[in-house]
Each structure stands twice: as C-alpha cells, then as structure tokens.
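Student: I would like to go through the pockets of this model and ask, term by term, how each label is earned.
Tutor: Then let us look at the structure and begin with the residues around a pocket.

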Amino acid sequence: MARVIHVFRQPDRFVAGTVGEPGDRTFYLQASEDVRTISVTIEKQQVAVLAERLGSLLDEVATRFGAEIPAETPDELVDAEPLTVPVEEEFRVGTMGLGWDAESSAVVIELLAVTEGEVDETVVLDDTEEGPDAVRVFLSPVAARAFAERADRVVNAGRKPCPLCGEPLDPEGHICPRQNGYRRDVDVIEE
C-alpha cells in the first residue's frame, strides 16, 4: 500500500497535548490547517526530546545562517487551548525528523508511524513512495519556539518527581529505591 504523507505547509495550529489524568496520560501532537486536523500519539519522552532539539536547531540556524530567530516566545503566542476534539489517533509516532528549509525559512518536523522493522533513514523528510505514513509540518521560527514552550509545559504538568530518586510521585505514596523500598508518603516528602 502506498505511503500517506500529511503535509501542513501553513498550519493554523501545531501543539502537544494530553488526554487523561497525570500518571495515566496519553500524549498527542495535533496539527490543524483549514478544516483538516490530524492527531498522532507520541510518548512523553519523545515530546520532551522534540522540544529540546527544536531549541537546539533554532540556535544553530541563527548562528549558521544568520536567520532572525527569537530567543524566547512571548507568553501570549504560546497556545494554551486544549486539543481539538474529537482526538482520533492517525498513528503512533516511531521515528521523528527535524530540519531547516532555507527556501521558506521554516523548521520542518516530520513524524513517522511506528513500523515493525527498522526505518530506512532515507525516507525521513523525503517524498518516497515506500515507507511509513508521516505527518510533515512546516513552522516559522516563532511558531517553533512557541511549540517547544508549550511542549515543555505539557511534559512538566504531570506528577511531581520524588526529591530523592526523581521517579514520579503517586497521590497514594511512593516506594522509593533510595529508601530501600520503604513506602514514603507524599506528605513526608513535602515537609
């Protein structure tokens, strides 16, 4: 079957978001342009890595190409709205690609569907007929910074980490490996 590549050249919106309660959240990336909205499921760690790499890419583009790249994003430009409903998963993200399109002065993010075998790196950011389905989004540098800012906020909005081991704390307590397996109550840790 032929590969499907969903391209968003001028998205109205591209955001990271979640469905569910902290500790049981499903992470999504959602792209919208005109009347079309695509949602893909992604791991929390992938969202964090994407946000971090976007920042690094923008810094490198500013240095290497002298492009006008904002150092920070004003809060009013960071999308704080919930995901557009209904949230229907197009696919689960496996491989991600990130690049700079000098012609349009845009960051290009490509999200490829999980596959059973290894993904040939030549299909990332390429229109080849063979390979996993993909979502390709073009973002201005300001929009890319705003996406990264929101993505960081979404990732950090979950459960607080244990001050001893860094693992997430559950409301009913936490068995901390640094305490030789003894259960620590949240109240004890917060004191």
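Student: What makes up the lining of the largest pocket by class?
Tutor: In this predicted model, the lining divides into 6 nonpolar, 5 polar and 7 charged residues. R25, F27, K44, V155 and R159 lie nearest the centre of the largest pocket, among 18 lining residues. Arg and Lys count as charged, whereas Phe and Val count as nonpolar, so R25, K44 and R159 belong to the charged class and F27 and V155 to the nonpolar one.

Student: How do you know that a residue lines the pocket, and which elements supply at least two such residues?
Tutor: A lining residue has an atom within 4 Å of a point of the pocket. For the largest pocket, whose volume is about 300 Å³, β3 (26-33), β4 (36-42) and α2 (141-156) each supply at least two residues that meet this criterion.

Student: What is the lining of the second largest pocket like by class?
Tutor: That pocket, with a volume of about 200 Å³, has F14, L77, A143, A146 and F147 closest to its centre, out of 14 lining residues. Phe, Leu and Ala count as nonpolar, so these five residues fall in that class; the whole lining has 10 nonpolar, no polar and 4 charged residues. Its largest share, 5 residues, comes from α2.

Student: What does it mean that 38% of the 191 residues are called buried?
Tutor: The cut-off is under 20% relative accessible area, so 38% of the residues of the chain fall below that value.

How values were computed:
Residues numbered from 1 in each chain as written. Predicted model: local features only at pLDDT ≥ 70, side-chain atom pairs only at ≥ 80, totals over all residues. Heavy atoms only, no water. 1 Å grid on protein atoms, 1.4 Å probe; cavity = no way out; pocket = protein on both sides within 12 Å on 5 of 7 lines; lining within 4 Å. Points joined across faces, edges and corners; volume = space filled by probe spheres on them. Helix = DSSP H or I, 4+ residues; strand = E, 2+ residues; numbered from the N terminus. Buried < 20%, exposed > 50% of the residue type's maximum accessible area, 1.4 Å probe, protein only.
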